[in-house]
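I opened a notebook page for this model and looked things up one by one. The entries below are in the order I made them.

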Amino acid sequence: MFSFPGSIGYVAAMKEPKRDWFSLPKPWLELDQNLRDRVVREAGEIRTHDGGRLVRLDGLWEVLESGDSHDAAVVLNVLRKAN
């Protein structure tokens with residue numbers, strides 16, 4: 001599907017500022033606090049060390065893939081509390 005300026009899909013996509021994606025090198029709880037804070041502030045997509053994947057859609061975080069160790073669930077709980 002294509003989105004053109006003025007179409008509903010285009011306008012909805014432009015409401016949120018563009019955010020970064022992060023690939024976490026190890027489990028969330030083992031990361032340095034400064035990195036965790038930065039991820040919470042700046043992420044639009046997060047890929048966990050175990051193959052999990054989270055995305056921010058319309059301001060809400062969703063797990064697309066949980067990963068082998070389910071670290072995405074841990075990250076999701078942190079992100080929900082932060083927002």
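These entries go from the overall fold to the sheet pairings, the core, the salt bridges and two single residues.

**Entry 1: the model and its fold**

I note first that this is a predicted model. I looked up the secondary structure and found three helices and four strands. Along the sequence I read the order as α-β-α-β-β-β-α.

I then checked burial. The protein has 83 residues, and 28% of them count as buried. The exposed area is about 5,900 Å². Carbon and sulfur atoms supply 54% of that area.

I also looked at contact range. Taking contacts with a separation of 6 or more, I found that 31% join residues 24 or more positions apart.

**Entry 2: strand pairing**

In which sense do β1 and β2 pair? They run parallel, and I count four bridges between them. Strand β1 covers residues 20-23, and β2 covers 43-47. One bridge I looked up puts F22 opposite I46 in β2. With α2 included, β1 and β2 make a β-α-β unit, and its hand is right. Helix α2 spans residues 33-42.

Next I turned to β3 and β4. Strand β3 holds residues 53-57, and β4 holds residues 60-65. This pair is antiparallel, with five bridges. The two strands form a hairpin with two residues between them. In the turn, I noted a positive phi of about 50 degrees at D58.

**Entry 3: the nonpolar core**

I asked which residues of the largest nonpolar core touch the most other members. The core has 13 residues, and the answer is L24, V39, I46, L54, W61 and V75. Both β2 and α3 (71-82) supply at least two residues each. Helix α3 gives the largest share, four residues. As a general point, nonpolar side chains in soluble globular proteins tend to be buried together.

I followed L24 outward, skipping neighbours within four places in sequence. Its contacts include V39, I46 and V75, which are also on the list of best-connected core members. L24 also touches L31, R47, T48 and H49.

**Entry 4: salt bridges on α2**

How many salt bridges are there? I get four. I looked at R38 and E42 before the others. Their side chains meet at 3.1 Å, N to O. R38 and E42 sit four residues apart in helix α2, so about one helical turn separates them.

E42 also has a salt bridge to R41, at 3.7 Å, N to O. R38, R41 and E42 are thus linked in a network of salt bridges.

I checked how open these three residues are. R38 is partly exposed at 38% relative accessibility. E42 is partly exposed too, at 26%. R41 is exposed, at 53%.

**Entry 5: E45**

I went to E45 next, which lies in strand β2. Is E45 buried or exposed? Its relative accessibility is 14%, under the 20% limit, so E45 counts as buried.

E45 forms a salt bridge with R53, and the closest N and O atoms are 2.8 Å apart. R53 is partly exposed, with a relative accessible area of 27%.

I listed the other contacts of E45, again without neighbours up to four places away. They include D20, W21 and F22. L54, V55 and W61 are also among them. L54 and W61 appear on the core list in Entry 3 as well.

**Entry 6: E65**

My last stop was E65, in strand β4. Its relative accessible area is 40%, between the 20% and 50% limits, so E65 is partly exposed.

What is the bridge partner of R53 in β4? It is E65. R53 therefore turns up twice in these notes: as the salt-bridge partner of E45, and as the strand partner of E65.

I looked up the contacts of E65 beyond four places in sequence. They are G51, G52, R53 and A72. For G52 I also checked the C-alpha distance. E65 and G52 are 13 residues apart in sequence, and their C-alpha atoms are 4.8 Å apart.

Technical notes:
Residues are numbered from 1 along each chain as its sequence is written. This is a predicted model: local features need pLDDT of at least 70, side-chain atom pairs count only at pLDDT 80 or more; totals for chains, interfaces and linings use all residues. Side-chain values use heavy atoms; hydrogens and water are left out. Buried means under 20% relative accessible area, exposed over 50%, partly exposed in between (1.4 Å probe, protein chains only). Contact means heavy atoms within 4.5 Å. Accessible areas come from the Shrake-Rupley method with a 1.4 Å probe; for residues, only the protein chains shown count as cover. A nonpolar core is a set of buried Ala, Val, Leu, Ile, Met, Phe, Trp, Tyr and Cys residues joined through side-chain atoms within 4.5 Å. Two strands pair if DSSP finds at least two bridges between them. A crossover is right-handed if, with the strands pointing away from the viewer, the path from the first strand over the helix to the second runs clockwise.
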